[in-house]
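Biologist: Please take one part of this model and examine it closely, beginning with its surroundings and then moving outward to the rest of the fold. I should like a single connected account, with the reasoning made explicit where a classification depends on a cut-off.

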Amino acid sequence: MKPFRPLLDLVYSRTCALCGRPLTTDEDVICRRCIDRLPFTHYDFTADHKLARVLQAKAPVYKATSLLFYSKAGLSGKLIHKLKYHHHARIGPRMADFLAPRLMSDPPGIILPVPLHPRKLRIRGYNQTEGFARRLSRHTGARFHPNALQKRRHTPSQTTKSPWERWQNVDRGFRLRAGRDWNGEHILLVDDVITTGATLAALVRMIGRAFPKARISVASIAFNLPR
Ligand SMILES: [Zn+2]
């Protein structure tokens, strides 16, 4: 594969992942024009905004932030779709470059990406959240544990279930392998898109049961604001 790499870089890396226009030398993955059109939340890494309140209604979340407002038909929806289904895995780390400065007000010590089920991982070839989370850990100096959270088995689509059934489902769907005592740590859970927040809330409660003295925060690329 190696000899083809420069050609792949030429084709994929030097055009904007969103609009396909050629990138200038000071642009990376996404062009300036598309960046300027993205719906940034400007949420600080605090407990004092809509996302934090949505999550805190479900679980004891310490702080939260998200880079973008998600809209399926908008540019943020296109960005997530490219990241998940079109092998534009470099979008994740690039978004982390924009979000990381917000975390520096209270940097986490540990970063955990929300895992994909192994079956989905096999199909997609990568966990779209992992590159984003890994780059956040590089910027903040946090320890990165991509395998501490594991998805246990395939869970059926949640869209047709009642809220109560949904909780049971996600609660049972994950397990935690920390390997050491995380009490006293500031742990950042990282996901790609937050919609109901049910998955993250279940994970926060699960980690909280294991380590009652840990502070557990949440960050994502995008947040689907409830109506
Ligand atoms: Zn563009």
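Modeller: A residue is called buried here if 20 or more other C-beta atoms lie within 10 Å of its own, with C-beta atoms placed from the backbone. The model is a predicted one, and the part I have chosen is helix H7, residues 128-140.

By that criterion H7 is mostly covered, as 10 of its 13 residues are buried. They are Gln128, Thr129, Glu130, Gly131, Phe132, Ala133, Arg135, Leu136, Ser137 and Thr140. These buried residues pack against H4, H5, S2, S3, S6 and S7. Directly after H7 comes Gly141, which has a positive phi, near 85°.

Among the helical partners, H5 (residues 91-103) can be described in detail. The axes of H5 and H7 come within 8 Å, and they cross at roughly 40°. H5 is therefore oblique to H7, and the crossing is right-handed. On the H5 side, the contact is made by Gly92, Pro93, Met95, Ala96, Asp97, Leu99, Ala100 and Leu103. The residues of H7 that they meet are Gln128, Gly131, Phe132, Arg135, Leu136, His139 and Thr140. Sorted by class, this contact comprises eight nonpolar, five polar and two charged residues. Several H7 residues of this contact, including Phe132 and Leu136, also appear among the buried residues of the helix.

The strands packed against H7 lead to the sheet. Five strands form an open sheet in the order S1-S7-S6-S2-S3, with parallel pairing. Its edges are S1 (64-69) and S3 (143-144), each of which pairs on one side only. S3 is thus named twice in this account, as an edge strand and as a partner of the buried residues of H7. Within the sheet, S2 (residues 110-113) and S6 (residues 186-194) run parallel and are joined by four bridges. Pro113 has Val190 as its bridge partner in S6. Another helix, H9 (residues 198-210), lies across S6 and S7 (215-223), and runs at about 165° to S6.

Two lysines in loops beside S1 extend the picture away from H7. Lys58 is found in the loop between H3 (50-56) and S1. It has 16 other C-beta atoms within 10 Å, so Lys58 is partly exposed. Leaving aside residues up to four places away in sequence, Lys58 touches Gly197, Ala198 and Ala201. Lys58 and Thr196 lie 138 residues apart in sequence, yet their C-alpha atoms are 9.8 Å apart in space. Lys72, in the loop between S1 and H4 (75-85), counts as exposed because it has 11 C-beta neighbours inside 10 Å, and the limit for that class is 12 or fewer. From Lys72 to Asn224 the separation is 152 residues in sequence and 8.8 Å in space, C-alpha to C-alpha.

For the chain as a whole, there are nine helices and seven strands. Of its 227 residues, 36% count as buried. Among contacts with a separation of 6 or more, 74% are between residues 24 or more positions apart.

Key. Residues are numbered from 1 along each chain as its sequence is written. This is a predicted model: local features need pLDDT of at least 70, side-chain atom pairs count only at pLDDT 80 or more; totals for chains, interfaces and linings use all residues. Two strands pair if DSSP finds at least two bridges between them. Two residues are in contact if their C-beta atoms, placed from the backbone, lie within 7 Å. Axes are lines fitted to C-alpha atoms, for helices over the stretch in contact, and angles run from 0 to 180 degrees between N-to-C directions. Angles under 35 degrees count as roughly parallel, over 145 as roughly antiparallel, 65 to 115 as roughly perpendicular and the rest as oblique. A crossing is left-handed if the near helix is turned anticlockwise from the far one by less than a right angle, and right-handed if clockwise. Ala, Val, Leu, Ile, Met, Phe, Trp, Tyr, Cys and Pro count as nonpolar, Asp, Glu, Lys and Arg as charged, and the others, Gly among them, as polar.
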